[in-house]
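Me: Could you walk me through this model and tell me what stands behind each term you use?

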Amino acid sequence: MSFTIWVDADACPTVIKDILYRAAERKKLPLVLIANQPLRTPPSPYISSLTVSKGFDEADNEIVRRTQVGDLVITADIPLAAEVLAKGGLALNPRGELYSTDTIKQKLTMRDFMETLRASGIQSGGPASLHQSDRQAFANQLDKILQQR
């Protein structure tokens with residue numbers, strides 16, 4: 001069964017993109033990076049990028065529009081992951097967490113809560129830096145997904 005890997009590329013770390021490039025080549029799978037700025041990708045018949053107009057959620061909307069049942073989307077954006085799951089796709093966080101219909105509602109609630117805190121002036125800080133253990137967790141989860149197909 002063929003499927004496409006879509007990448008929410010504006011915020012995707014370079015080391016994660018590198019893992020994805022190698023996987024797309026190895027498995028001969030289409031990998032499409034979507035961003036609101038031009039991206040460099042390795043020369044490959046399997047790897048491409050798509051530049052969308054700058055604007056709030058333009059890349060996310062394009063990913064949702066193009067995602068088919070069974071496709072894999074790489075994103076840290078929880079609302080995007082929820083939409084991908086609703087369309088029958090898989091969503092994988094760059095830290096290696098596979099989103100599921102069981103956990104996405106809780107993650108959306110927490111995200112909204114943190115957004116409310118930030119809006120009221122409470123500083124919550126950003127996400128932690130991506131560590132080697134995160135890269136390994138991502139690579140392991142990606143391999144697991146690819147082996148199941």
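Reply: Happy to. In helix H3 (residues 78-86), Ile78, Leu80, Ala81, Ala82, Val84 and Leu85 are buried. This is a predicted model, in which local features need pLDDT of at least 70 and side-chain atom pairs count only at pLDDT 80 or more, while totals for chains, interfaces and linings use all residues. Residues are numbered from 1 along each chain as its sequence is written, and side-chain values use heavy atoms, with hydrogens and water left out.

Me: What makes 78-86 a helix, and which residue caps its N-terminal end?

Reply: Helices are DSSP runs of H or I with at least four residues, strands are E runs of at least two, and both are numbered from the N terminus. Aspartate 77 is the cap: a side-chain oxygen lies 2.8 Å from the backbone nitrogen of leucine 80. A polar contact is a pair of N or O atoms within 3.5 Å; within protein, one must be able to donate a hydrogen and the other to accept it, and residues adjacent in sequence count only if both atoms are side-chain atoms. After H3 comes glycine 88, with a positive phi near 90°.

Me: Why is lysine 28 called exposed or buried?

Reply: Buried means under 20% relative accessible area, exposed over 50%, and partly exposed in between (1.4 Å probe, protein chains only). Lysine 28 has 54% relative accessibility, so this residue counts as exposed. Lysine 28 sits in the loop between H1 and E2, and its phi is positive, near 55°, in a residue other than glycine. Across the 149 residues of the chain, 38% count as buried.

Me: What makes a set of residues a nonpolar core?

Reply: The members are buried Ala, Val, Leu, Ile, Met, Phe, Trp, Tyr and Cys residues joined through side-chain atoms within 4.5 Å. The largest such core has 24 residues, of which Ile5, Val7, Leu20, Leu31, Ile74 and Leu142 touch the most other members. Helix H1 gives the most to this core, with six residues. A second, separate core of 17 residues includes Trp6, Ile34, Ile63 and Ala91.

Me: Which residues does valine 7 touch?

Reply: Contact means heavy atoms within 4.5 Å. Leaving aside residues up to four places away in sequence, the partners of valine 7 are Cys12, Leu20, Leu31, Val32, Leu33, Ile34, Ile63 and Ile74.

Me: How many helices and strands does the chain have?

Reply: Five helices and five strands, and from the N terminus on they run β-α-β-β-α-β-α-β-α-α.
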